[in-house]
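User: Could you walk me through this structure? I'm new to reading these, so plain sentences would help.
Analyst: Of course, let us look at the chain together and take your questions as they come.

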Amino acid sequence: MTGAANTNGIDDGLGTLQTPCLLLDQRKLAANLAGMQAQVSRHGVAFRPHLKTAKSIDVARMAMTSPSGPATVSTLKEAEYFAERGVTDLTYAVGIAPNKLDRVGEIRRRWKADLAVVLDSLVQAEAVAAWSRASGDRLPVFIEVDPDGHRSGVKPGNAELLRGIGERLAQGAALRGVLLHAGESYGLSDPEALAHAAEGERKAALQAAETLRAAGFECPVVSVGSTPTARHARHLDGITEVRAGVYMFGDLVQAGIGSCAVEDICVSVLATVIGHQPEKGWIITDAGWMAMSRDRGTATQAVDQGYGIVCDRLGHAYADVIVAQANQEHGVLAVRKGSSAQLPELPVGTLVRILPNHACATAAQYDRYHVIDGEGRASAVWERINGW
């Protein structure tokens, strides 16, 4: 075997696990959480971690500044799950659909949760205001602002639409502030470009907030966030809170951007070698795209990591060995094209860990984490949820 430690006879608890399964290195997780908290604290703003990747109360309790939050969620199922467990300061950071308002209201009533919603249109604002009047629940609302043309949101310079949304919300709901996500930062890798994206996000947020305030609307919260911009922001003057999520786990896309190192990635898929195709230079595992997801986010980056980097059972990467191909339940390990590295000798039954391209997508395939403690042992199981 080349490029990694010999693991014969190691009593790490992994041999009892059914593969493929999802591993979580608790020591690396704690370090990632502490690093981002220090970064945000340096700017003197509040931090609202996004739990869309974690989807686990055990991870949430490590990430949040208090048992009740604050936190961000991306599905109402997440909101229900976390609210039931005492996390009641929540922002549902996906544009609200009118047919979900009764469910939002039920979460707010049942668990006394301060659950805020997000919108970017007059139609949504009218629906939220009407629901608030009918229910007697003055729903808190963020106006989503688009800083870079990546996805949803009002253009920061569209004063007419911002004022119009504010006017409609005033008919029953409560304008809490503006919320932005600099999604285009995921396509960058140069530190200067990332710092520029963070500054663009900040300026767009302030422009929208100032437009609303000039029109007589309160805008107490100015919320920005993505893992790359949170990492690279040089200052956050005028911002009141930062949101980020995938920083907790890291992944190969984030490593390609420069938001983390490969060594910081704390989630991996444990897989078993099930066969060989020596004439093709392949090793076959039981972790295909159902286990890794189909996400190929590194394909457009400087280094294409296939479906993931292959490590030994201790988490040490083999030199230039990736999951080069994936079928539904088969992963094909091979040496990266153009590399002079040699494929390690991995007999049938050998356990390997695979680092994912996109932690959110890979974790979504699983209902639990097998937690690796500071001694390198699989010592606990933490639940995680999926669905909407």
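User: How much area does the protein chain expose, and what share of it do carbon and sulfur atoms supply?
Analyst: Keeping in mind that this is a predicted model, the protein chain exposes about 16000 Å², and 49% of that area is supplied by carbon and sulfur atoms.

User: And how many of the residues count as buried?
Analyst: Of the 388 residues in the protein chain, 54% count as buried, where buried means under 20% relative accessible area.

User: OK, what about the overall size: what box do the C-alpha atoms fill?
Analyst: Taken along the principal axes, the box is roughly 70 × 45 × 35 Å. The radius of gyration of the protein chain is 22 Å, which agrees with the value near 21 Å that a compact globule of 388 residues would have.

User: Switching topic, how many helices and strands are there?
Analyst: The protein chain has eleven helices and 17 strands. Among these strands are E16, covering residues 368–372, and E17, covering residues 378–383, which pair in the antiparallel sense over five bridges.

User: Which residue in E17 is the bridge partner of Ile372?
Analyst: The partner of Ile372 is Ala378. The two strands form a hairpin with five residues between them, and Gly376, which lies in the turn, has a positive phi of about 85°.

User: Last one, how far apart are the mean positions of the positive and negative charges?
Analyst: They are 4 Å apart, with 38 positive and 43 negative charges in the protein chain.

Key: Residues are numbered from 1 along each chain as its sequence is written. This is a predicted model: local features need pLDDT of at least 70, side-chain atom pairs count only at pLDDT 80 or more; totals for chains, interfaces and linings use all residues. Side-chain values use heavy atoms; hydrogens and water are left out. Helices (H or I, at least four residues) and strands (E, at least two) are DSSP runs, numbered from the N terminus. The radius of gyration is taken over C-alpha atoms; the globule rule is 2.2 Å times the number of residues to the power 0.38. Buried means under 20% relative accessible area, exposed over 50%, partly exposed in between (1.4 Å probe, protein chains only). Accessible areas come from the Shrake-Rupley method with a 1.4 Å probe; for residues, only the protein chains shown count as cover. Lys and Arg count as positive and Asp and Glu as negative; His and the chain ends are not counted. The place of a charge is taken as NZ of Lys, CZ of Arg, CG of Asp or CD of Glu. Two strands pair if DSSP finds at least two bridges between them.
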